[in-house]
Amino acid sequence: PEKDRQELWLVDPEMEIHMGRRVKCQDETDMFTPGLFAFFQSHVVVKKIDPNAKMFKGWMKVLKEHEGGVITEGLVEMSSCQRAIDVVVRGAAGSKQQCLAFLNTIMDALAKVMSKKSQGTRVDKYL
């Protein structure tokens, strides 16, 4: 799978805008509910955030085509300790607003899934 991630998230000089967020459990003894990430992956496809998302164990790549043909892509990954989820979005020069909108869409979907599947887990959100 590591090779797949490298192939799907190549360095691309046209992708000049990068932004991301991390959701991390507040308590050192806490972790996300088992199955949370798999449920999130299904949610992304079912809710048509990206019906063609590339999904793997613990991570996924998503794409979004915005008005005017602007394409943004995202990488979402669960940490190996299951205490953090990282979301990174990138796009071409001039796509800052589209990247931010896509990042917010992914984060909103994650929050929705967490409220159902990982209730009571207190988290911090980092930029």
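## Reading the fold, core and loops of a predicted chain

Analyst: In this predicted model, residues 24 or more positions apart account for 65% of the contacts in the protein chain with a separation of 6 or more.

User: Which helices and strands does the protein chain have, and in what pattern do they follow along the sequence?

Analyst: The protein chain holds 3 helices and 6 strands, and reading along the sequence gives the pattern α-β-α-β-β-β-β-α-β. The radius of gyration is 14 Å, close to the 14 Å that the globule rule gives for 127 residues, so the protein chain is as compact as a globular protein of that length. Along the principal axes, the C-alpha trace spans about 45 × 30 × 25 Å.

User: How do I read the burial, and which residues touch the most other members of the largest nonpolar core?

Analyst: A residue counts as buried when its relative accessible area is under 20%, and buried residues make up 39% of the 127 residues here. The largest nonpolar core has 27 residues, of which Phe32, Phe40, Met60, Val76, Ile85 and Ile106 touch the most other members. Two or more residues of this core come from each of β1 (17-25), α2 (36-46), β3 (59-65), β4 (71-78), β5 (84-91) and α3 (96-117), and α3 gives the most, with 9 residues.

User: What is phenylalanine 32 in contact with, once its neighbours within four places in sequence are left aside?

Analyst: With those neighbours set aside, the contacts of phenylalanine 32 include Val23, Cys25, Met78, Ile85, Met114, Thr121 and Val123. Gln82, Arg83 and Ala84 are also among them.

User: Where does glutamine 82 lie, and what is its phi near?

Analyst: The general idea is that most residues other than glycine have a negative phi. Glutamine 82 has a phi near 60°, a positive value in a residue other than glycine, and lies in the loop between β4 and β5. At 29% relative accessibility, glutamine 82 counts as partly exposed.

User: Is lysine 48 buried or exposed, and where is its place?

Analyst: Lysine 48 counts as exposed because its relative accessibility is 64%, and its place is in the loop between α2 and β2 (54-56). The phi of lysine 48 is also near 60°, again a positive value in a residue other than glycine.

User: How many positive and negative side chains are there, and what does the accessible surface come to?

Analyst: There are 19 positive and 17 negative side chains, with the centres of the two sets 7 Å apart. The accessible surface comes to about 7,600 Å², and carbon and sulfur atoms account for 52% of that area.

Note on methods: Residues are numbered from 1 along each chain as its sequence is written. This is a predicted model: local features need pLDDT of at least 70, side-chain atom pairs count only at pLDDT 80 or more; totals for chains, interfaces and linings use all residues. Side-chain values use heavy atoms; hydrogens and water are left out. A nonpolar core is a set of buried Ala, Val, Leu, Ile, Met, Phe, Trp, Tyr and Cys residues joined through side-chain atoms within 4.5 Å. Buried means under 20% relative accessible area, exposed over 50%, partly exposed in between (1.4 Å probe, protein chains only). Helices (H or I, at least four residues) and strands (E, at least two) are DSSP runs, numbered from the N terminus. Contact means heavy atoms within 4.5 Å. The radius of gyration is taken over C-alpha atoms; the globule rule is 2.2 Å times the number of residues to the power 0.38. Accessible areas come from the Shrake-Rupley method with a 1.4 Å probe; for residues, only the protein chains shown count as cover. Lys and Arg count as positive and Asp and Glu as negative; His and the chain ends are not counted. The place of a charge is taken as NZ of Lys, CZ of Arg, CG of Asp or CD of Glu.
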